[in-house]
Amino acid sequence: MKFRFDKKYLYWGITAFLVIAASILFYYVLFHRSSLYSGISTLVSISMPIIDGFVLAYLMTPILNKIEKRLIKPLYIKAKVPLTPKNKRRMRGLSILVTIVLILIVLYEFFGLIIPEVVRSIQSIIFQFPIYVNNLSNWAMGLMKNNPDLEEVVNSLIDQYSSKILDYVNSNVLPNIQGLLKTLSSSVIGVLKAMWNFVIGFIISIYVLGSKEKFAGQAKKIVYAVFDRKPGNEVVANFRFIHSTFIGFIGGKIVDSIIIGVICFICTTIIGTPYAILVSVIIGVTNVIPFFGPWIGGIPSALLVLMVDPMHALYFVILIMIIQQFDGNILGPKILGDSTGLSGFWVIFAITIFGGLFGVLGMVVGVPIFAVFYAGVKASVNRNLAKKNLPTELGPYMTVGQIDESMGFTEYVPPVKKKKKKVESSSNEVSDSESK
């Protein structure tokens, strides 16, 4: 008797195995989260140079593409060099070399101009810190002397909280100084390790740039091997959308922040703000964070200026508010356009959630990540509405009460209150009694 293999038993076996494996994984995640997170963090730490390499290659790809298409390739065509595979590899290598040299020159000039001024500003702050504290104290004392009510409130607050602050310092801060020193030393070691990973990642990024088409082709090959043609095309199109959203937002935000930093430096230099370069660098760097970035950079900068000159601090705050209004209403939309498609509420939502989960990095990349998720949900909803022959625009649904069988939209009408009828009936009873 010949044995016939039935595929349905194979499918049942695979399904049962996947269900059991998913149950075990769910149990492990539910009751052994700490060890799972520890394993994931260890894996991420080991893979950090490779991650850095791919991130650097991804950020350098637009520059490489423009240099190759607009500079190197026209030179090859003008020199009538045949574009054989060997010459294409040489062209790519030359493009990578020009890209890296260009980026290093820009970074060297930028940091060579900025870092010495920032270091001098920090040294000046450290050496003159007692003077600044004295100036601030004298200004506060003069302000309270001219406002007796304010002086009374401040003195009461000092009397109320000074003992609590001293108790907190004696009970929590002083006993944990050794732990703070350990944390500081581990932070220094972490910074050095991150710099080493960055160097290794930079070397890896060169190899990734040299074979980026190969990596993209391998990824597409896997997609079409796993999915059918139509779903595979959708996956590839979705990844193209993700790429355009990320590179458009991050690249545009970097350019926008550089322009804001330059504008801030010019304006602070004109009005004579202390430490103009330092505060402009802080404003420009923190402006990369959407929505909250201006406040994150503006508050410590204003406090720094306040210690030197309180009136200049007021001018600086007004200047930053004007610059950020210009950025939010004119410059930002001009550079970024509608690259995310998110309203203000969803931008705040994405920054809050991703910032709480991943810190500063989450605040930077949270908006484009959530924009991709938002676009996916929107596309799925519109696809299902189109299958049901319903409109995909938002307008008709804002006032809809119900949809009838002929797909007609009935506008919502609030129910009429019945109190008015009671009043009318009571007035009729009064008139009847009067007639009697």
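Helices here are DSSP runs of H or I with at least four residues, numbered from the N terminus, and Val 255 is found in one of them, helix α8. The model described below is a predicted one. This briefing takes up its largest pocket, which encloses about 2700 Å³ of space, then its 4 salt bridges, and then several individual residues, among them Lys 80, which has a positive phi although it is not a glycine.

**Largest pocket**

- The largest pocket holds about 2700 Å³ of space, and of the 49 residues that line this pocket, the closest to its centre are Leu 56, Leu 59, Ile 250, Ile 254 and Val 288.
- At least two residues of the lining come from each of the helices α2 (33-78), α3 (85-127), α6 (177-210), α8 (229-271), α9 (276-286) and α12 (344-387).
- By residue class, the lining of the largest pocket comprises 41 nonpolar residues, 7 polar residues and 1 charged residue.

**Salt bridges**

- Side chains of opposite charge can pair when their charged atoms come close, and the structure holds 4 salt bridges.
- One of them joins the side chains of Arg 92 and Glu 68, with an N to O distance of 3.1 Å; this pair links distant parts of the chain, since Arg 92 belongs to helix α3 and Glu 68 to helix α2, 24 residues apart.
- Arg 92 counts as buried because its relative accessibility of 10% falls under the 20% cut-off, and Glu 68 is likewise classed as buried, at 10% relative accessibility.
- Another salt bridge brings together the side chains of Lys 212 and Glu 213, again given as 3.1 Å from N to O.
- Lys 212 has a relative accessibility of 18% and therefore counts as buried, whereas Glu 213, with a relative accessible area of 43%, is partly exposed.
- The side chains of Asp 256 and Lys 253 also meet in a salt bridge, at 3.9 Å from N to O; both residues lie in helix α8, 3 residues apart, which is about one turn of the helix.
- Asp 256 and Lys 253 are both buried.
- Salt bridges with shared partners connect Glu 68, Arg 92, Lys 212 and Glu 213 into one network.

**Contacts between residues far apart in sequence**

- Val 255, in helix α8, counts as partly exposed because its relative accessibility is 41%, a value between the 20% and 50% cut-offs.
- The C-alpha atom of Val 255 is 8.0 Å from that of Ile 335, although the two residues are 80 residues apart along the chain.
- Ala 140 lies in helix α4, which covers residues 129-146, and this residue counts as partly exposed at 28% relative accessibility.
- Between Ala 140 and Pro 310 the C-alpha to C-alpha distance is 9.7 Å, with a separation of 170 residues in sequence.

**Positive phi angles in loops**

- Lys 80, found in the loop between α2 and α3, has a positive phi of about 60° although it is not a glycine.
- With a relative accessibility of 76%, which is over the 50% cut-off, Lys 80 therefore counts as exposed.
- Tyr 275, which lies in the loop between α8 and α9, has a positive phi of about 55° and is not a glycine either.
- Tyr 275 is buried, because its relative accessible area of 13% is under the 20% cut-off.

Definitions and conventions. Residues numbered from 1 in each chain as written. Predicted model: local features only at pLDDT ≥ 70, side-chain atom pairs only at ≥ 80, totals over all residues. Heavy atoms only, no water. 1 Å grid on protein atoms, 1.4 Å probe; cavity = no way out; pocket = protein on both sides within 12 Å on 5 of 7 lines; lining within 4 Å. Points joined across faces, edges and corners; volume = space filled by probe spheres on them. Nonpolar A, V, L, I, M, F, W, Y, C, P; charged D, E, K, R; others polar. Buried < 20%, exposed > 50% of the residue type's maximum accessible area, 1.4 Å probe, protein only.
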